[in-house]
Amino acid sequence: MADQYALRTDAAGSPAPAALRWEEPPEGPVIVLLDQRRLPGEEVELVCTDVPALIEAIQGLAVRGAPLLGVAGAYGVALAAVRGFDVEESAGMLAGARPTAVNLAVGVGRALEAYRAAAKEGADARRAGEAALAEARAIHREDARASELMARHGLGLLDELLPGGAHQILTHCNTGSLVSGGDGTAFAVVKAAHEAGRLRRLWVDETRPLLQGARLTAYEAARAGMAYTVLADNAAGSLFAAGEVDAVLIGADRIAADGSVANKVGSYPLAVLAGYHHVPFVVVAPCSTVDPGTPDGAGIEVEQRPGNEVTEFPVTVPAPEAGAAPVTGVAVAPPGAQAYNPAFDVTPPELVTAIVTENGVVSPVTESALAELCDRSRSGNGMMSI
Ligand SMILES: CSC[C@@H](O)[C@@H](O)C(=O)COP(=O)(O)O
């Protein structure tokens, strides 16, 4: 069980608190996470002293979002190493904590590889742990840099797709600084558009079942001073029909080699709507989310979440006692109701107008163009056996 403590920040105009950081208090190194389940009502940090606590935070969605999961997984390997736990076993458990976001396995794999390489060269456990930590820090920095570059490329793409003026952009789930070491993925582009005077309004899908859009994207949009409106997920169609959506910008949890995009459930229907209404549907994700080992969308494992995320409405309990469940649910379905609750859906490449990465933009989306852009020899994000 992780320890927790409350944070106090000035909300308006300031960025969200850091989603994750490594600290070294006298009692030993820890990973500190902003508990995203408690936002926007409370800013509470979780302090993880071991890998099981981190895995609980990952599976419970206290820490979430593909790029940040990669960062968290890498720091998790470092934590296991410097605290003297079984590093190989910890890495295996971390990599399997959630199946869809490929960044988690990539981040764990990179830190583990750094640990193994140092150990092979004769480093003792402490020095090998420091090598894993250095790799985790590098991934964290790369992620922040990738955010900047995606924002730049994405803004350039918007200039091409929607020349002149300010526009209405619709987004789904959360892709901001809470998923990243920087401003995020799709949200980083939205933020750049806002700062350039190119954003008229951000339409924020509430994003069932856990409302990450309403709770997290709206929280980040408010802090950034954007004009934004939260909408029920199933209201998006009427906005498209009314001509009120100029572009859709979303993130991704895994992009298969052919350009199929797994993202938060509800993304695929948006892509269908966007296609029907001739609205650009743009995916923004770092190359670490592109998985050359998964040939197409059928090969992407879609995480199935607990049914009570659908049959109950999530309610954050204020001022929890240490150890108490921070989020509970109020029943909205009859007792015993069955639920279908996939965390993600998969959008085929033909419905994706463009994929924006830190290396540039692919449009139209083809396997060869994506492979060339995210060439593993340049990005260094190859998967490895864990
Ligand atoms: C930028 S991360 C990918 C997102 O677009 C989205 O699918 C998401 O927020 C991830 O889902 P989550 O299940 O909350 O970890």
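**Domains**

I started with how the chain is carved up: the protein divides into domain 1 (3-143) and domain 2 (152-303 + 340-379). This is a predicted model, so I keep that in mind throughout. I took the centres of the two domains over C-alpha atoms and got a separation of 25 Å.

Next I looked at where they meet. On the domain 1 side 28 residues are in contact with 30 residues of domain 2. Which elements each supply at least two residues of that domain 1 side? I found α2, α4 (102-120) and α5 (125-161). The most comes from α2, with 5 residues. I also sorted the domain 1 side by residue type, and it splits into 16 nonpolar, 8 polar and 4 charged.

**Confidence**

I checked how far to trust the model. Mean pLDDT for the protein is 92, and 90% of the residues reach 70 or more. For the complex, the predictor reports an ipTM of 0.96 and a pTM of 0.92. I marked one stretch for caution: residues 377-383 stay under 50 in pLDDT. The model still has 11 contacts for that stretch beyond four places in sequence.

**Ligand**

Then I went to the ligand. I found 18 residues around it, and the closest are R64, G65, C173, G251 and K264. Two elements give two or more residues to this shell, namely α2 (66-82) and β10 (261-264). By type, the shell holds 8 nonpolar, 7 polar and 3 charged residues.

Why does the ligand lie between domain 1 and domain 2? Both domains give residues to the shell around the ligand, so it sits between them. I noticed that α2 turns up twice in my notes: it gives residues to the ligand shell, and it also belongs to the side of domain 1 that touches domain 2.

I compared this with the UniProt record, an unreviewed entry. Under "binding site" it lists R64, G65, A66, R98, Q212, N263 and K264. R64, G65 and K264 are also among the closest residues to the ligand in the model.

**N263 and K264**

I picked two of the listed residues for a better look. N263 lies in strand β10. Is N263 buried or exposed? I counted 30 other C-beta atoms within 10 Å, and 20 or more makes a residue buried, so N263 is buried. Leaving out residues up to four places away in sequence, N263 touches I250, G251, A252, D253, F344 and T347.

K264 is in strand β10 too. It has 26 C-beta neighbours inside 10 Å, so K264 counts as buried. With the same sequence cut, K264 touches H172, C173, T207 and F344. F344 is thus on my contact list for N263 and on the one for K264.

**D253**

The unreviewed UniProt entry carries an "active site" annotation at D253. I located D253 in the loop between β8 (247-250) and β9 (254-256). With 32 other C-beta atoms within 10 Å, D253 is buried. Beyond four places in sequence, D253 touches A66, T100, A101, A262, N263, T289 and F344. Two of these, A66 and N263, are listed under "binding site" in the record.

**Loop between β6 and α7**

I spent some time on the loop between β6 (199-205) and α7 (212-223), where P209 is placed. A cis peptide bond joins R208 and P209, with omega about 0°. T207 is in this loop as well, and its phi is near 70°, a positive value in a residue other than glycine. T207 is buried, with 23 other C-beta atoms within 10 Å.

L211 also belongs to the loop. Its phi is positive at about 65°, although L211 is not a glycine. Is L211 buried, exposed or partly exposed? I got 19 C-beta neighbours inside 10 Å, so L211 counts as partly exposed.

**Other finds**

I noted another cis peptide bond, from L39 to P40, with omega near 0°. P40 is in the loop between β3 (30-34) and β4 (44-48).

Last, I looked at helix α6 (residues 186-195). It is mostly covered, with 9 of its 10 residues buried; F187, V190 and K191 are among them. Just after α6, G197 takes a positive phi of about 75°.

Notes:
Residues numbered from 1 in each chain as written. Predicted model: local features only at pLDDT ≥ 70, side-chain atom pairs only at ≥ 80, totals over all residues. pLDDT = per-residue confidence, 0-100. Contact = placed C-beta atoms within 7 Å. Near = placed C-beta within 6 Å. Helix = DSSP H or I, 4+ residues; strand = E, 2+ residues; numbered from the N terminus. Nonpolar A, V, L, I, M, F, W, Y, C, P; charged D, E, K, R; others polar. Domains from an automatic or database assignment. UniProt positions renumbered as here; feature names shortened; annotations may be inferred. Buried ≥ 20, exposed ≤ 12 C-beta atoms within 10 Å, placed from the backbone.
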